[in-house]
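Okay, thanks everyone for coming. I'd like to walk you through one chain today, starting broad and then zooming in on a few residues.

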Amino acid sequence: MATGATAALLSWRERPEPGSAPLVVMLAGQCWWSALLIFDLEASTLGAKVFWANLRWIGVVAVPLGWMLFSLEYTGRDQYVRPRYVALFSVVPLLTVVFALTGNPLLYTESELVRKGGLLLLSRTPGPWFWVITAYTYLLGLLGSVPLLDLIRNDSLPFRGQSAALLVGILAPWVSNIFFLADAVPVPGLDPTPVAFSISGVAYLGALTRFQLFGTSPSPNPRARRLLFDRMPDGAIVTDGHRNVVEINETGAELLGTERRRALGRPLRELVPDDSLVPSGESDLDHGPFKSPDDQRLYDVTGTAVTDIHDRTIGHVITFHDISEHVRQQQRHEVLNRVFRHNIRTETNVISSYAELLADTDTQGGADEITESAQRIEELANKAREIIAVFERARESTEAVALESLLDDSIEPVRDEYPDARIERESADGLYVAGVLEPVFANLVENGVEHNPDPNPTVRIRVETDDDWVRVRIADDGPGIDVTERSTLERGTETPLEHGSGLGLWLAKWGAEIADGSVVFEANEPTGSVVTVEVPLLSSADTEETRTASGELAP
């Protein structure tokens, strides 16, 4: 009893470490059981012995209940240690204590004094409830041992040592109690279980001191694994051998355009329109870029087979790694590389040719061509600088700016340069978008006027909102965007035979993507083009927070 009390005190000092409180309950139950057995043996009357024996049941039922709750909490399964579960587990033990204290015949039908081996002992005839609580006690003991048996196979030496010591501590009284119930003890009628508690006390002291029971705890492991799966930035899906979804994290559900609770249990083929994502056979899945049906982002997909101990494939883990930004950067590099390799080389060849012509003929036409070509190079350089500025702003937090002022700032320089142009726009009052969109609107408005041969070009700007999104439609009545250039922009990259004429439209596309939006190019009727910029709406509070953080509003 002394070793058990010492272990209980050490456990009490470790509060609120996971499992410390239930372990105290279990050890206190052992001490109570042992102490009241001594009182029982010292008693000389039937009434006194019955009193101490009935009171002993408080400790008897506390041991298995404390053991199971300790095991669940210590191994990280504390979701089952909530009050409602503890109350449910305690129903049978509480009824047993009530039956014992009230002398209910369901627990014992008869009690009498017998003398064996020179000792005056209490002999009792078990009632039906005795076997109920006996079975329940061993069930709790078994359920509490299963999680610790799993730790025996752990690679961590402290965890193995802790689990082994704890199992020895519960096994010793367990075995002795079985011998007592089977009437296979040296002194028939004398329960040796409290004697075995001394072995338990030594084992628990070893777990607390030698193996640092509450110094190195496995309790975070189950939650950590769940947390890693749920919080990982990549989407993840687990399928069984029948290609049904058995687990999916929130990221995976979002990129498939569904909810986790709706995806579980459904065939993967119903969630993924691309059948090639459905694993087949026993090999790992190797798939190219996958476009999300929800947000149209690109993902690199890998699938790893899950095997059992017999090396049989029982499922797959499919992960989706977002490569949208990587692909966009690659496309941007290809476009910029084309501009500097093709467009500028073409312009410098023009300059060189007309310079030679000037040297031979000194004609004014050659000088004009040189001037125009130099201006085109300057325009390309300016667009490139604007693109670099947009990329730089994307690295910082994007502040919210009033769409009304963005459109005004985009239209004003175009009106100054083309006073004969008619630019109409709808109100965008109260709408806020990312500030990085300013060069996007400016280039689209300028493009609608600059390439229109009409002396009085027209550009109309419409603003539409839909939930948390805003669409800005910029329509002109010019010749429209060439079909080849439009397909190049929609594809997102260029080829040696298909490429755009400049950087303005690319700037608009990339800027919208940086603002988590998109750009759609369409033909206008009867002539011209319509460019729709769709971006998420931001809160006006983002403006104040961003400016304060940067010091603009600081006192």
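I'll go through the overall chain, then the confidence, the pocket, and some individual residues.

So, first off, keep in mind that this is a predicted model. We're looking at a chain with 19 helices and 14 strands. Of its 555 residues, 42% are buried. If you take the contacts with a separation of 6 or more, 61% of them are between residues 24 or more positions apart. As for the surface, the chain exposes about 29,000 Å², and 56% of that comes from carbon and sulfur atoms.

Now, how far does the predictor trust this? The average pLDDT for the chain is 77, with 73% of the residues scoring at least 70. Where is confidence highest, and where is it lowest? The high end is helix H5, residues 91-102, at a mean of 94, and the low end is helix H19, residues 541-550, at 43. Two stretches to flag here. Residues 494-500 have a pLDDT below 50, and the model gives that stretch 18 contacts beyond near neighbours in sequence. Residues 544-555 are also below 50, and there we get 7 such contacts.

Next up, the pocket. The largest one has a volume of about 970 Å³. It's lined by 40 residues, and the closest to the centre are Phe130, Asn177, Phe180, Leu181 and Asp191. Which elements supply at least two residues of that lining? On the helix side, you have H2 (20-42), H3 (46-74), H6 (128-152), H7 (157-181) and H8 (193-209), and on the strand side, E1 (108-116) and E2 (119-126). Sorted by class, the lining comes out as 26 nonpolar, 7 polar and 7 charged residues.

Staying with strand E1 for a moment, have a look at Ser111, which sits in that strand. Ser111 counts as partly exposed because its relative accessibility is 28%, and partly exposed runs between 20% and 50%. What does Ser111 touch, leaving out residues up to four places away in sequence? The list is Leu46, Val50, Leu122, Ser123 and Arg124. Leu46 is 65 residues away from Ser111 in sequence, yet the two C-alpha atoms are 8.0 Å apart.

Let's jump towards the other end of the numbering. Glu485 is in helix H17, residues 483-491. Is this glutamate buried or exposed? Glu485 counts as buried, because its relative accessibility is 14% and the cut-off is under 20%. From Glu485 to Leu505 is 20 residues along the chain, and their C-alpha atoms are separated by 9.4 Å.

Last bit: some backbone geometry. Asp467 isn't a glycine, but its phi is positive, about 60°. Asp467 is in the loop between strand E11 (458-466) and strand E12 (469-476), and at 71% relative accessibility it counts as exposed. Asp516 is another non-glycine with a positive phi, about 65°. You'll find Asp516 in the loop between helix H18 (504-514) and E13, and it counts as exposed at 54% relative accessibility.

And which residues does a cis peptide bond join? Glu525 and Pro526, with omega at about 5°. Pro526 is in the loop between strand E13 (518-523) and strand E14 (529-536).

That's my tour, so over to you for questions.

Key
Residues numbered from 1 in each chain as written. Predicted model: local features only at pLDDT ≥ 70, side-chain atom pairs only at ≥ 80, totals over all residues. Heavy atoms only, no water. 1 Å grid on protein atoms, 1.4 Å probe; cavity = no way out; pocket = protein on both sides within 12 Å on 5 of 7 lines; lining within 4 Å. Points joined across faces, edges and corners; volume = space filled by probe spheres on them. Helix = DSSP H or I, 4+ residues; strand = E, 2+ residues; numbered from the N terminus. Nonpolar A, V, L, I, M, F, W, Y, C, P; charged D, E, K, R; others polar. Buried < 20%, exposed > 50% of the residue type's maximum accessible area, 1.4 Å probe, protein only. Contact = heavy atoms within 4.5 Å. Areas by Shrake-Rupley, 256 points an atom, 1.4 Å probe, with all protein chains shown as cover. pLDDT = per-residue confidence, 0-100.
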